[in-house]
Amino acid sequence: METCSPPDRSDLVSEDGKNIKSVLCQRCGSKVLTPGSAVFAEKELVLPCMRKKKGVQSAEGSVDSDTLTAHWLVEDMFTFENVGFTKGVGNIKYLICADCEIGPIGWHCLDDKNSYYVSLERVDHA
């Protein structure tokens with residue numbers, strides 16, 4: 001597994017910890033969050049890979065995944081401009097682009113109604 005150095009976030013995070021730029025879908029450019037609507041949070045989350053080949057699974061039937069630590073934290077689902085949710089996988093729902101359905105771009109645990117995480121690595125900023 002490759003270890004990447006964390007991206008420079010100085011142009012993304014304001015002094016009060018909020019997103020300076022709009023958060024956009026990497027595939028279609030649809031706006032997910034407006035500037036100032038999310039707070040930067042570091043939390044280790046495991047998300048299934050976005051670009052997996054159909055039918056490629058390990059012998060146990062598990063899906064390839066990434067461990068991501070840099071996220072935008074949103075406390076109210078109505079803050080999003082454009083986001084969809086997958087069906088529940090246990091007590092987790094994954095966030096996807098509501099327009100092109102690429103994802104998962106983020107993670108939501110049903111046990112915590114006020115925490116929606118969008119991975120910085122899985123979105124664009126403009």
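# Sheet order, salt bridges and aromatic pairs

Trainee: In this predicted model, does R122 count as buried or exposed?
Mentor: The relative accessibility of R122 is 4%. Buried means under 20% relative accessible area. R122 therefore counts as buried.

Trainee: With which residue does the side chain of R122 meet in a salt bridge?
Mentor: The contact has an N to O distance of 2.9 Å, and a salt bridge requires a separation within 4 Å. The partner side chain in this salt bridge belongs to D66.

Trainee: How many residues apart are D66 and R122?
Mentor: D66 belongs to strand 4, which covers residues 65–74. R122 is placed in the loop between strand 8 (116–119) and strand 9 (123–125). The pair links distant parts of the chain, and the separation is 56 residues.

Trainee: What relative accessible area does D66 have?
Mentor: D66 is classed as partly exposed, a class that lies between the limits of 20% and 50%. The relative accessible area of D66 is 28%.

Trainee: Which residue meets D11 in a salt bridge?
Mentor: The model has 2 salt bridges by the distance rule. In the one that involves D11, the N to O distance is 3.5 Å. The side chain that meets D11 is that of K21.

Trainee: How many residues apart in sequence are the parts that D11 and K21 tie together?
Mentor: Both D11 and K21 lie in the segment before strand 1 (23–25). D11 is partly exposed at 38% relative accessibility, and K21 is also partly exposed, at 27%. The parts that the pair ties together are separated in sequence by 10 residues.

Trainee: In what order do the 6 strands of the open sheet stand?
Mentor: The pairing in this sheet is antiparallel. Strand 4 and strand 8 are paired over 4 bridges, strand 7 and strand 8 over 3 bridges, and strand 6 and strand 7 over 4 bridges. The full order of the open sheet is 3-4-8-7-6-5.

Trainee: Which strands stand at the edges of the sheet?
Mentor: An edge strand here has a single partner strand, so one side of it is left without a neighbour in the sheet. The two strands in this position cover residues 39–48 and 84–85. They are strand 3 and strand 5.

Trainee: Which residue in strand 8 stands opposite W107?
Mentor: W107 belongs to strand 7, where Y94 stands opposite W107. Strand 7 and strand 8 form a hairpin with 6 residues between them. In strand 8, the residue opposite W107 is Y117.

Trainee: Which residues of strand 7 are buried on the side opposite G106 and H108?
Mentor: Strand 7 covers residues 106–109, and both of its faces are covered. G106 and H108 are buried on one side. On the other side, the buried residues are W107 and C109.

Trainee: In what geometry do the rings of F40 and W72 pair?
Mentor: The count of aromatic pairs comes to 4. For F40 and W72, the ring centres are 6.3 Å apart and the planes stand at 80 degrees. Planes over 60 degrees apart define one class of pair, so F40 and W72 are edge-to-face.

Trainee: How many residues apart in sequence are the parts that F40 and W72 tie together?
Mentor: W72 is buried at 0% relative accessibility. F40 lies in strand 3 and W72 in strand 4. The separation in sequence is 32 residues.

Trainee: Which residue forms one aromatic cluster with F80 and F85?
Mentor: The residue in question is also the bridge partner of V74 in strand 8. The third member of the cluster with F80 and F85 is Y116.

Terms used:
Residues numbered from 1 in each chain as written. Predicted model: local features only at pLDDT ≥ 70, side-chain atom pairs only at ≥ 80, totals over all residues. Heavy atoms only, no water. Buried < 20%, exposed > 50% of the residue type's maximum accessible area, 1.4 Å probe, protein only. Pairing = 2+ DSSP bridges. Phe/Tyr/Trp six-rings, centres within 6.5 Å; stacked < 30°, edge-to-face > 60°.
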